[in-house]
Amino acid sequence: MSLEKTKELANGSIIPRLGLGVWQVKDGAEAVDSVKWALEAGYRLIDTAAAYKNEVSVGEGIRTSGVPRNEIFVTTKLWNADQGYESTLKAFDESLKKLELDYIDLYLIHWPVEGKYKDSWRAMEEIYQSGRAKAIGVSNFHEHHIEDLLKDATVVPMVDQIEIHPTLTQEPLRKFLADHNIAAEAWSPLGQGKILEDPTLVEIGKKYDKTAAQVIIRWHLQSDIIVIPKSVHQDRIKQNFDVYDFSLTKDDMQRIDQLNTNERLGPDPDNFDF
Ligand code: A2P
């Protein structure tokens, strides 16, 4: 089964299906190097956030990689404390400044802060119309948050970035997103590295001479999920991109789907306090 390396979002933006996530990557050499290694290995999607506090180094990694800006898809996110109309406009400018970029490919509302996300979205729509964000979306939105947002929105979010991995497959939400032409993107796609010893994943990997991490990434891709594994090690960054020379069978896919336990590693978007 050959896979498309990119996906067209509802507005026509083209997003790479596999990227580097940099949550918990330290600002400074760690972030600069991880981004450079990823771009060297062929990645073209880098996913950061204001809250990760590494936008400065992510920008530096991009600039020093030698890869032209227009070949790289950069995502960043609006932090909760900055939600609200005016503060969103200001936070977006700050992210641009830190990244030293003049546009962002995808700007996301990081969490559905009650009473605020609609005002934030109005600002996001304006940023999108101005061309400074080529696409906009949300993160950690449940179905009911999106339904509520859509009551007043003029632009439908192009992406919802949510926690997805083989032990939290989120099938009902993914179906809702697909029905609304909203792309599903996975954070903590490897279960934060905690499921890499899972016997089923290891056993499936052995058949193809692949690691459990590569099996999981391939499962995301074959499930039409945009996937952004994090690593700060060059060998793992390369390994995580080396997933285009094998294909999981329908039976493998089903076995991985069955690892679902609906257990979150991160907070439930209906119950977070930050
Ligand atoms: P490290 O950054 O030290 O390489 P997720 O993307 O689900 O959040 O998972 C990230 C975690 O998994 C990190 O702890 C990362 O560690 C680890 N990791 C990423 N890729 C691999 C890999 N190919 N093999 C083993 N561990 C990995």
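Where does His 110 lie? Select it to find out. His 110 sits in the loop between β6 (106–109) and α4 (117–130). Keep in mind throughout that this is a predicted model.

**Stop 1: His 110**

Is His 110 buried or exposed? Its relative accessibility is 7%, so His 110 counts as buried, the cut-off being under 20%. Now show its contacts, leaving aside neighbours within four places in sequence. Ala 49, Ala 51 and Tyr 52 are among them. So are Lys 77, Leu 78, Trp 79 and Asn 80. Ser 139 and Asn 140 complete the list.

**Stop 2: Tyr 107 and the core**

Step back along the chain to Tyr 107. The largest nonpolar core has 82 residues, and Tyr 107 and Ile 136 touch the most other members. The largest share of this core, seven residues, comes from α8.

Colour the contacts of Tyr 107, again without its neighbours within four places in sequence. They include Thr 88, Ala 91 and Phe 92. Met 124 and Ile 127 are also in contact with Tyr 107. Ile 136 is another of its contacts.

**Stop 3: α3 against α4**

Select helix α3 (residues 85–99) together with α4. They pack at an angle of about 45°, and their axes are 7 Å apart. That angle makes α3 oblique to α4. Their crossing is right-handed.

Show side chains here. From α3 come Tyr 85, Thr 88, Leu 89 and Phe 92. From α4, they meet Asp 119, Ser 120, Arg 122, Ala 123, Met 124, Glu 126 and Ile 127. By class, this contact has six nonpolar, two polar and three charged residues.

**Stop 4: Leu 221**

Move to helix α8 (residues 212–222) and pick Leu 221. Which residues does Leu 221 contact, leaving aside neighbours within four places in sequence? Leu 3, Arg 17 and Leu 18 are in contact with it, as are Val 227, Val 243 and Tyr 244. Leu 221 has 5% relative accessibility and therefore counts as buried.

Use Leu 221 as a bridge to the last stop. Ile 256 is 35 residues away along the chain, and 13 Å separates the two C-alpha atoms.

**Stop 5: α7 against α10**

Select helix α7 (residues 199–208) and helix α10 (residues 250–257). The packing angle is about 160°, with the axes 10 Å apart. The two helices are therefore roughly antiparallel. α7 passes α10 in a left-handed crossing.

Look at the contact itself. Ile 256 reappears here, with Asp 252 and Arg 255, on the α10 side. On the α7 side are Thr 200, Leu 201, Glu 203, Ile 204, Lys 207 and Tyr 208. The contact divides into four nonpolar, one polar and four charged residues.

Technical notes. Residues are numbered from 1 along each chain as its sequence is written. This is a predicted model: local features need pLDDT of at least 70, side-chain atom pairs count only at pLDDT 80 or more; totals for chains, interfaces and linings use all residues. Side-chain values use heavy atoms; hydrogens and water are left out. Axes are lines fitted to C-alpha atoms, for helices over the stretch in contact, and angles run from 0 to 180 degrees between N-to-C directions. Helices (H or I, at least four residues) and strands (E, at least two) are DSSP runs, numbered from the N terminus. Angles under 35 degrees count as roughly parallel, over 145 as roughly antiparallel, 65 to 115 as roughly perpendicular and the rest as oblique. A crossing is left-handed if the near helix is turned anticlockwise from the far one by less than a right angle, and right-handed if clockwise. Contact means heavy atoms within 4.5 Å. Ala, Val, Leu, Ile, Met, Phe, Trp, Tyr, Cys and Pro count as nonpolar, Asp, Glu, Lys and Arg as charged, and the others, Gly among them, as polar. Buried means under 20% relative accessible area, exposed over 50%, partly exposed in between (1.4 Å probe, protein chains only). A nonpolar core is a set of buried Ala, Val, Leu, Ile, Met, Phe, Trp, Tyr and Cys residues joined through side-chain atoms within 4.5 Å.
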